[in-house]
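Please work through the following exercises with the sequence and the coordinates at hand. Each task is followed by a worked solution.

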Amino acid sequence: MKVENANVILVNSDTVVVGAGPTGSFSALQAAKLGAEVCICEEHTESGTPPHCTGHISLAGLKQLELKLPKKIFENEIKSAIFYSPSNYEFPVRFSTPVTCVVNRTLFDQYLRDKAVEVGVKILYNRRVTSLLVKRNAVIGVEVKTSKTTEKLRSKLVINAEGVSSTLLKRANLPSLNSQMTVNGIEAEVDRINDSEIDSVEVFLTRRFAPGLYAWIVPRKDGTAKIGLGTERGHPLKCLRKFISHNPIARQRLKGSHITQVVYHPISLGGPISQTVHKGMLIVGDAASHVKPTTGGGIIMGLTAAKIAGKVAGLAIQEKNPDAQHLLLYERLWKKKMGFDMTMMKHLRKFLNSFSDRKIDQLISMSSQLKLDESLKGAKDIDFQGSSLIRLIKHPRVIAMGLYMALTHVF
Ligand SMILES: Cc1cc2nc3c(=O)[nH]c(=O)nc-3n(C[C@H](O)[C@H](O)[C@H](O)COP(=O)(O)OP(=O)(O)OC[C@H]3O[C@@H](n4cnc5c(N)ncnc54)[C@H](O)[C@@H]3O)c2cc1C
């Protein structure tokens, strides 16, 4: 470390990761496992705080990522989802064993951070990355502000896991998220929930309260719940309050309960950004919009990309070859793994967004009448939804449904 003057400190590292969210820690872990010297800059004083997400993820996704989480991280295991239309037609999909789980996001983020630290990753808290250091069009490090100093961290590579704000990308005039397809999310915790099935999430498809996404109620085993919604217009807290007081099911579930915590955070539904590799930099997670456009779930997709990014970064450092050509392998690999699914989900999101509440009523009631849940049970994978859809298309019920929706959409 070299002190240049009172305010500028130069530090060298193989890889600097921006953000100690799940994708930052996971990519750091993978790169460090391959021998790279990695440091993460995180603007907050801890990982996973404030938690801004429900933490509802698939068990298959965790398995695919080879993540065996300690029991204390799980808040619930989920066997079914009940979808409600605007007029409260119901469409339940029930499985015989748990398919998804709810994790405590603070503990989840800290678990991934600890795993990274175990293999030598250094975490610098209270360090806000304010800009990228660029030389001859290549990213060569970051500038970081603490309460007292400005530091320059030089590195062979930067992994940008700064999340949905993508401030650094915007500041460097690099392609960033599609703001047209970004909704305002709200995540709230309530101290009790009435009459809900404890292993069931409830999803409310409604343009009235949650245009652009949906509203949800996710119970915890201890009788509390996480509720929230995404909306493309209006203040999300106003939308949530309206949803609780006007939707009869939500009103019943939340009668007598109190909101104990509220967090706002955008959700990017526009699909991955056009360029996730620049000279000297890889972009992962929410910063790259590795988020399912259908549901807004970004943990499994983000970690899938982070795993690839960390490995490509680690190998590049090992081979002393972090040039753009080598780094492009990251983009090729994540696209191979989930590019098709992301494209399909983006089309589905646009399709759903074009539906009126009346059309969503038809969709849900037809799904129920056609017993589409029987076909959906065969889909198994709820993350890679494009591939699941292709597998489902051979089911006669799904064909009937598709035809019905296509025809009623056209006419
Ligand atoms: C209301 C809501 C509910 C959600 N529910 C779910 C769900 O149930 N399931 C699911 O899969 N996904 C869900 N998501 C999405 C999920 O939260 C994200 O996809 C996930 O957190 C992405 O992880 P990340 O590491 O890319 O970004 P983040 O988790 O946002 O982490 C980014 C980190 O970078 C830090 N940072 C940012 N800028 C800087 C900077 N300049 N310098 C230093 N540090 C910086 C931040 O402090 C943060 O720690 C939800 C999102 C919202 C808004």
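The exercises below concern a predicted model, and they treat a helix, a nonpolar core and a ligand shell in turn.

**Exercise 1.** Determine how the span of α7 compares with the expected span, and whether its residues are mostly buried or exposed.

*Solution.* Step 1: α7 covers residues 299-318 and has 20 residues. Step 2: an expected span takes 1.5 Å times one less than the number of residues, which gives 28 Å for α7. Step 3: from its first C-alpha to its last, α7 reaches 28 Å, close to that expectation. Step 4: with 20 or more other C-beta atoms within 10 Å as the criterion for burial, 17 of the 20 residues of α7 are buried. Step 5: after the helix comes Lys320, with a positive phi near 50°.

**Exercise 2.** Identify which residues touch the most other members of the largest nonpolar core, and which helix gives the most to this core.

*Solution.* Step 1: the core holds 100 residues, and Leu229, Leu282, Val284, Ala309 and Ala313 touch the most other members. Step 2: α7 is the greatest contributor, with 12 residues. Step 3: leaving aside residues up to four places away in sequence, the contacts of Leu229 include Ile186, Phe209, Trp216, Pro236 and Phe243.

**Exercise 3.** Describe the residues that surround the ligand.

*Solution.* Step 1: the shell has 39 residues, the closest being Gly19, Gly21, Gly163, Gly285 and Gly298. Step 2: by class, 13 are nonpolar, 20 polar and 6 charged. Step 3: elements that each supply at least two shell residues include α1, β10, β17 and α7. Step 4: domain 1 and domain 2 each provide at least three residues.

Methods
Residues numbered from 1 in each chain as written. Predicted model: local features only at pLDDT ≥ 70, side-chain atom pairs only at ≥ 80, totals over all residues. Core = buried A, V, L, I, M, F, W, Y, C linked by C-beta atoms within 7 Å. Buried ≥ 20, exposed ≤ 12 C-beta atoms within 10 Å, placed from the backbone. Helix = DSSP H or I, 4+ residues; strand = E, 2+ residues; numbered from the N terminus. Contact = placed C-beta atoms within 7 Å. Near = placed C-beta within 6 Å. Nonpolar A, V, L, I, M, F, W, Y, C, P; charged D, E, K, R; others polar. Domains from an automatic or database assignment.
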